[in-house]
Amino acid sequence: MRLQALLIVSIMLTSCAPSPEGAIFSVATYNAYCLFDGIGDGDEFEGFRKADGYSEAVYDERIRNLAVMLGREVDADVIILEEVESEIVLMDLLERGLGRKGYRYYGLASDGSDAVNVGFVSRIGPISSHIHSFEGE
């Protein structure tokens with residue numbers, strides 16, 4: 001998972017539109033701790049299933065709190081988010097407040113085999129992004 005995060009950061013750093021002369025490009029990371037969306041699709045970890053009390057209401061509160069916290073505390077061009085389940089989570093973060101802070105773009109590094117993934121929200125539109133992986137671990 002950390003390898004995916006490093007790969008996304010390196011891709012973002014090399015594939016974003018160039019900044020004006022003297023501008024600073026900033027990246028922040030945040031571990032969202034198993035931020036599963038509110039849809040129970042069977043691959044959620046124990047403690048994050050509907051049977052465990054994880055519900056749409058719990059998810060909504062987590063999204064709202066995270067969007068508020070990131071909006072207040074982070075002023076980066078790109079925020080890398082570890083341990084998010086799906087693009088739904090990233091879209092919800094933008095809709096719940098990060099969009100008002102200038103974040104318009106998002107992406108998820110996922111090949112569909114993991115329950116949680118690494119994603120990003122960005123103020124700068126990436127030119128392209130790719131997932132690179134290797135056999136093992």
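These questions and answers explain why certain terms apply to parts of this predicted model. Local features need pLDDT of at least 70, side-chain atom pairs count only at pLDDT 80 or more, and totals for chains, interfaces and linings use all residues. Residues are numbered from 1 along each chain as its sequence is written, and side-chain values use heavy atoms, with hydrogens and water left out.

Q: What makes Arg 96 and Asp 60 a salt bridge?
A: The term asks for a side-chain nitrogen of Lys or Arg within 4 Å of a carboxyl oxygen of Asp or Glu. The side chains of Arg 96 and Asp 60 meet at 3.4 Å, N to O, so the pair fits the definition.

Q: Why can this pair be said to tie together parts that are apart in sequence?
A: Arg 96 lies in the loop between α3 and β3 (105-109), whereas Asp 60 belongs to helix α2, so the parts that are tied together are 36 residues apart in sequence. Helices (H or I, at least four residues) and strands (E, at least two) are DSSP runs, numbered from the N terminus.

Q: Why is Arg 96 called partly exposed?
A: Buried means under 20% relative accessible area, exposed means over 50%, and partly exposed is in between, with a 1.4 Å probe and protein chains only. Arg 96 has 30% relative accessibility, so the residue counts as partly exposed, and Asp 60, at 21%, counts as partly exposed too.

Q: How do you know that Asp 75 forms a salt bridge with Arg 123?
A: The closest N and O atoms of Asp 75 and Arg 123 are 2.8 Å apart, so the pair meets the salt-bridge rule. Asp 75 sits in the loop between α2 and β2, and Arg 123 in the segment after β4 (117-122), 48 residues apart.

Q: Is Asp 75 buried or exposed, and why?
A: Asp 75 has a relative accessible area of 62%, so this residue is exposed. Its partner Arg 123, with 26%, is partly exposed.

Q: What makes a set of residues a nonpolar core?
A: Its members are buried Ala, Val, Leu, Ile, Met, Phe, Trp, Tyr and Cys residues, joined through side-chain atoms within 4.5 Å. The largest such core here has 26 residues, of which Leu 35, Leu 81, Leu 93 and Val 121 touch the most other members. Elements that each supply at least two residues include β1 (27-35) and α3 (87-95), while α2 gives the most, with five residues.
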